[in-house]
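Open the structure in your viewer and keep the selection tool at hand. The stops below say what to select next and what is there.

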Amino acid sequence: MASPFPGMDPYLEGYLWPDVHSALANKIRQILTPQVRPKYTVRLEIYLAEDPNPEGEIGILYPDVEVLESGQRRVQQAEASATTATLTPPGLSLPVLTSVPVRLATVEIRDVAQNRLVTSIEILSPVNKREPGLSIYRQKRQRLYQANVHLLEIDLLRRGTRPFTQPRLPECAYCIALTRAQAKQIDLWPLQLQDSLPTVPVPLTQPDGDVPLSLSKALAAIYEEAAYELSLNYSQAPPPPSLSESDTQWMRERLSL
């Protein structure tokens, strides 16, 4: 079954996002490999990032692990354990939040002759779009630029701060950014909820030309392969942030088709 949305499905921005992230990286590799071989390879670089501040993602990306007991049960426990005095039970018991390890996948295009990194394709995750991960990721962007590596960034999340924020970038739900090696400008594809995902160029080493990457086909393929519709409840609101009134109306009309 196909997604009811022409572009990014906002319902995929919740707890399914880690699966979407991994599946999309793998699908991008499948699409690019036949176009760049035998001169280039396409590899997945998997690394672990620590999310030291997961509280903002509880109930969105991470499961809600709060275990709450009824006041009556706590009173009974307190009375049973107290021999000489009646203890006042706590009003609430919450888990201690600790860092969450997050697996991230980067798609890397390398030349076969020297195994040199030519192009890095980053699919942004929530940990990349808020501190301290945002600063760490921006440092990685700078290292890639200084190393003459092309950088294609795919941001399909409405929440968080984009690492490539530009003063002239309009308000948009999603955005794709391409920074060519040593370029003095960044190419941007700002997208609204109603837009289809673009086909973007993936640069290689001169004199080799760019190869096309259809993000629309990639997302549609993984949606069908993973049968995401079986895990999504389209009768509920999508994950935060809240949509505008016009986007909400458009979404309702879209889902009623």
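Which side chain meets that of Lys-27 in a salt bridge? Select Glu-225: its side chain and that of Lys-27 are joined at 2.7 Å, N to O. Keep in mind throughout that this is a predicted model.

**Stop 1: from α1 to α4**

Colour helix α1 (residues 17–36), which holds Lys-27, and helix α4 (residues 215–226), which holds Glu-225. The two residues are 198 residues apart, and the pair links distant parts of the chain. The two ends of the bridge differ in exposure: Lys-27 is buried because its relative accessible area of 11% is under 20%, while Glu-225 is exposed because its value of 58% is over 50%. A search of the whole structure finds eleven salt bridges, and the next stop takes in others.

**Stop 2: more salt bridges**

Select Asp-155 and Arg-162. Their side chains form a salt bridge with 2.9 Å from N to O, and both residues are buried. Now add Lys-129 to the selection: Lys-129, Asp-155 and Arg-162 are linked in a network of salt bridges.

Move to Asp-111 and Arg-116. Here the closest N and O atoms of the salt bridge are 3.6 Å apart. Asp-111 counts as buried at 12% relative accessibility, and Arg-116 as partly exposed at 31%.

While in this part of the chain, select Asn-115, which sits in the loop between β2 (100–111) and β3. Asn-115 is not a glycine, yet its phi is positive, near 55°.

**Stop 3: the aromatic cluster**

Select Phe-5, Tyr-11, Tyr-234 and Trp-250 together; these four form one aromatic cluster. The search of the whole structure finds five aromatic pairs. One of them is Phe-5 with Tyr-234, a tilted pair with 6.3 Å from centre to centre and 45° between the planes. Phe-5 lies in the segment before α1 and Tyr-234 in the loop between α4 and α5 (245–255), so this pair ties together parts that are 229 residues apart in sequence. Both Phe-5 and Tyr-234 are buried.

How are the rings of Tyr-11 and Tyr-234 arranged? Their planes stand at 75°, with the centres 4.7 Å apart, so the pair is edge-to-face. This contact also links distant parts of the chain: Tyr-11 is in the segment before α1, Tyr-234 in the loop between α4 and α5, 223 residues apart. Tyr-11 counts as buried, at 6% relative accessibility.

**Stop 4: the largest pocket**

Keep Tyr-11 selected and add Gly-14, Tyr-15, Gln-236 and Pro-239. Of the 16 residues that line the largest pocket, these five lie nearest its centre. The pocket holds about 240 Å³ of space. How many charged residues does its lining have? There are none: the lining divides into eleven nonpolar and five polar residues.

**Stop 5: β7 and β8**

Show strand β7 (residues 199–202) with its side chains. Which residues are on its covered face? Val-200 and Val-202 are there, while Thr-199 and Pro-201 are on the uncovered face. In a regular strand the side chains alternate between the two faces of the sheet.

Add strand β8 (residues 211–214), which runs antiparallel to β7 and is joined to it by four bridges. Thr-199 stands opposite Ser-214 in β8.

**Stop 6: backbone details**

Two cis peptide bonds can be inspected next. One runs from Glu-131 to Pro-132, with omega near 0°; Pro-132 is in the loop between β3 (117–123) and α3 (133–146). Another joins Pro-240 and Pro-241, with omega about 0°, and Pro-241 is in the loop between α4 and α5.

Then select Asn-148, in the loop between α3 and β4 (150–155). Asn-148 has a positive phi of about 60°, although it is not a glycine. Its relative accessible area is 39%, which makes it partly exposed.

**Last stop: the whole chain**

Zoom out and colour by secondary structure. The chain has five helices and eight strands, which from the N terminus on run α-β-α-β-β-α-β-β-β-β-β-α-α. Of its 257 residues, 42% count as buried.

Methods:
Residues numbered from 1 in each chain as written. Predicted model: local features only at pLDDT ≥ 70, side-chain atom pairs only at ≥ 80, totals over all residues. Heavy atoms only, no water. Salt bridge = Lys/Arg side-chain N within 4 Å of Asp/Glu carboxyl O. Buried < 20%, exposed > 50% of the residue type's maximum accessible area, 1.4 Å probe, protein only. Phe/Tyr/Trp six-rings, centres within 6.5 Å; stacked < 30°, edge-to-face > 60°. 1 Å grid on protein atoms, 1.4 Å probe; cavity = no way out; pocket = protein on both sides within 12 Å on 5 of 7 lines; lining within 4 Å. Points joined across faces, edges and corners; volume = space filled by probe spheres on them. Nonpolar A, V, L, I, M, F, W, Y, C, P; charged D, E, K, R; others polar. Pairing = 2+ DSSP bridges.
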